[in-house]
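Biologist: I am new to this structure. Can you walk me through a few of its features, one at a time?

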Amino acid sequence: MADPAMSVTPYWELTFDADGDPGGRGRDRLLTGVTERGVRDLIVFAHGWNTDRSGATRLYDRFFAPVPRLAPAARVGYVGVLWPAMRFSDEPIPDFPRAVAAEPARRPVLDKDTRHALLETFPGRAILVDQIARLLEQQPAEEAELEEFGRLVRTLVEVVAPGPQALFAADTVAEGVPQSEPEMFAGSSAACEEFARALAELEASGPQEGFRIPNPWDGAHELLRQATYYAMKRRAGTVGERGLGRVVGQLAKAAPTVRVHLVGHSFGARLVSFALRGLPEGVRTVKSVTLLQGAFSHYAFAARLPHDARAGGVLQGQQNRIDGPLVCCHSRHDAALGTMYPLASRMAGDSRSATGLDMGRALGAMWGAMGHDGVQAVPGTRAYTLAEALEARLPASGCVNVDAAAVVRRGGPPAGAHSDILHAELARLVLAAGRVR
């Protein structure tokens, strides 16, 4: 497929399948094109979960648009990474007005577009998708039916052998062993009730008035969403390390003077971070990494966890592969990462007495996300507000936290401001991180 018309040029697309294998034609066009077009700085952007191809290209077009004005003398090229990420049609995505991105349908019914997306994301599992959709529509009162729903969802998202994705789900490692995924399916009815309470409290804290009684089938719908989230989490790591990291290595060989700047939103932040782990030995062409509302553990780069000295982040030390800084944008307005992320990351049995938001706050320190409070437990990490970061000369290396709440602030429940990233200030930050002039 030809690259779409964009407001910036030169622009290339890199397309990867679920196992990280690149589309050869797009990769080859990039490897030859950067030299032919005299590119010095190449900005590579990876979209997040809950984004389809049209949404991704619109995101890239809008985000890149201010760059020529902000750096008129720079010889900049642009790359949009496309990877198979599931999109729930009842959630807003960057650059789509809420009426188009879909005002939530009568939750928890599985709408037609989301059902189609599930079938594309998990091919060969149409019967499972139909059974899941039927339960969401019927909403049976029996607890056993919620347990059955959890079993069906777990079966849907299980990795099919012999794919590599099972190796890329962990956020932390303990004594060399990757941490297993949370057991959110054990006791599915209780998990659904927790999610339902959290959703109800998030909606009550938004512009709506009053507090509705939580419906456990709302929580079941969220259980499906979060299970799909874990499948995309595995996939983002796979595509980053086995796909993008290797292509950046090939680019370093084909065009060694090109300076690469990796940018990722949400799970795209996880993807570009895992790309560091996939770089061939000795490659130093990545000059900056900017994480926009990163949807992965804030301890991912830590050598030791504050609550467990035997464990560290799955990407510990990978920031040293960058010949420049790793800049992490975070915002307290990102409700998806501030509440739902830690709740899903650790459905702790001893926390069952807490309500959804209280549990999210209690677990946030241990199970928080990059995009909510920044890189944690990495000595030497510098912290700035967005205004300070744009005025200062950012550090030449190491981790940098940037509080972007001044601009990343718009969005209703349950996601909050997670997708509010289309701001010229954030494009300026990418340029500042990479010292693109």
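Biologist: Which exposed residues does the face of H5 turned away from its buried side carry?

Modeller: Keep in mind that this is a predicted model. Now the general idea: an α-helix has 3.6 residues a turn, so residues three or four places apart point the same way. In this case, the face turned away from the buried side of H5 carries Lys112 and Glu120, both exposed.

Biologist: Which residues of H5 are buried?

Modeller: In H5, residues 112-121, the buried ones are Thr114, Ala117, Leu118 and Thr121. They sit on the same side of H5 because they cover an arc of only 100° around the axis. Their cover includes helix H6 (126-138), helix H7 (143-157) and H9.

Biologist: What caps the N-terminal end of H5?

Modeller: Asp111 does. One of its side-chain oxygens lies 3.1 Å from the backbone nitrogen of Asp113.

Biologist: Next, empty space. How many cavities of 30 Å³ or more does a search of the whole structure find?

Modeller: Rolling a probe the size of a water molecule over the atoms shows where empty space is left. Here the search finds 2 such cavities. Take the second largest, with a volume of about 30 Å³. Its lining consists of Leu14, Leu30, Leu42, Val44, Leu244, Val247, Val248 and Leu251. Strand S2 (41-46) and helix H9 (216-254) are the elements that give two or more residues to this lining. H9 supplies the largest share, 4 residues.

Biologist: How do the residues of that lining divide into nonpolar, polar and charged?

Modeller: There are 8 nonpolar residues, no polar and no charged.

Biologist: How do I read unusual backbone angles?

Modeller: Start from the rule. Most residues other than glycine have a negative phi, and most peptide bonds are trans. Now the cases here. Thr9 and Pro10 are joined by a cis peptide bond, with omega about 0°. Pro10 is in the segment before strand S1 (11-15). Ala377 has a positive phi, near 65°. Ala377 lies in the loop between helix H13 (370-373) and strand S10 (382-385). Arg435, also not a glycine, has a positive phi of about 50°. Arg435 is in the segment after H15.

Biologist: One more. Where is Asp420 found, and is Asp420 buried or exposed?

Modeller: Asp420 is in the loop between strand S11 (398-403) and helix H15 (424-434). Its relative accessible area is 6%, so Asp420 counts as buried. The side chains of Asp420 and His423 make a polar contact of 2.9 Å. Beyond its neighbours within four places in sequence, Asp420 is in contact with Val407, Val408, Arg409 and Arg410.

Conventions:
Residues numbered from 1 in each chain as written. Predicted model: local features only at pLDDT ≥ 70, side-chain atom pairs only at ≥ 80, totals over all residues. Heavy atoms only, no water. 1 Å grid on protein atoms, 1.4 Å probe; cavity = no way out; pocket = protein on both sides within 12 Å on 5 of 7 lines; lining within 4 Å. Points joined across faces, edges and corners; volume = space filled by probe spheres on them. Nonpolar A, V, L, I, M, F, W, Y, C, P; charged D, E, K, R; others polar. Buried < 20%, exposed > 50% of the residue type's maximum accessible area, 1.4 Å probe, protein only. Arc of directions from axis to C-beta. Contact = heavy atoms within 4.5 Å. Polar contact = N/O pair within 3.5 Å; in protein donor to acceptor, adjacent residues only side chain to side chain.
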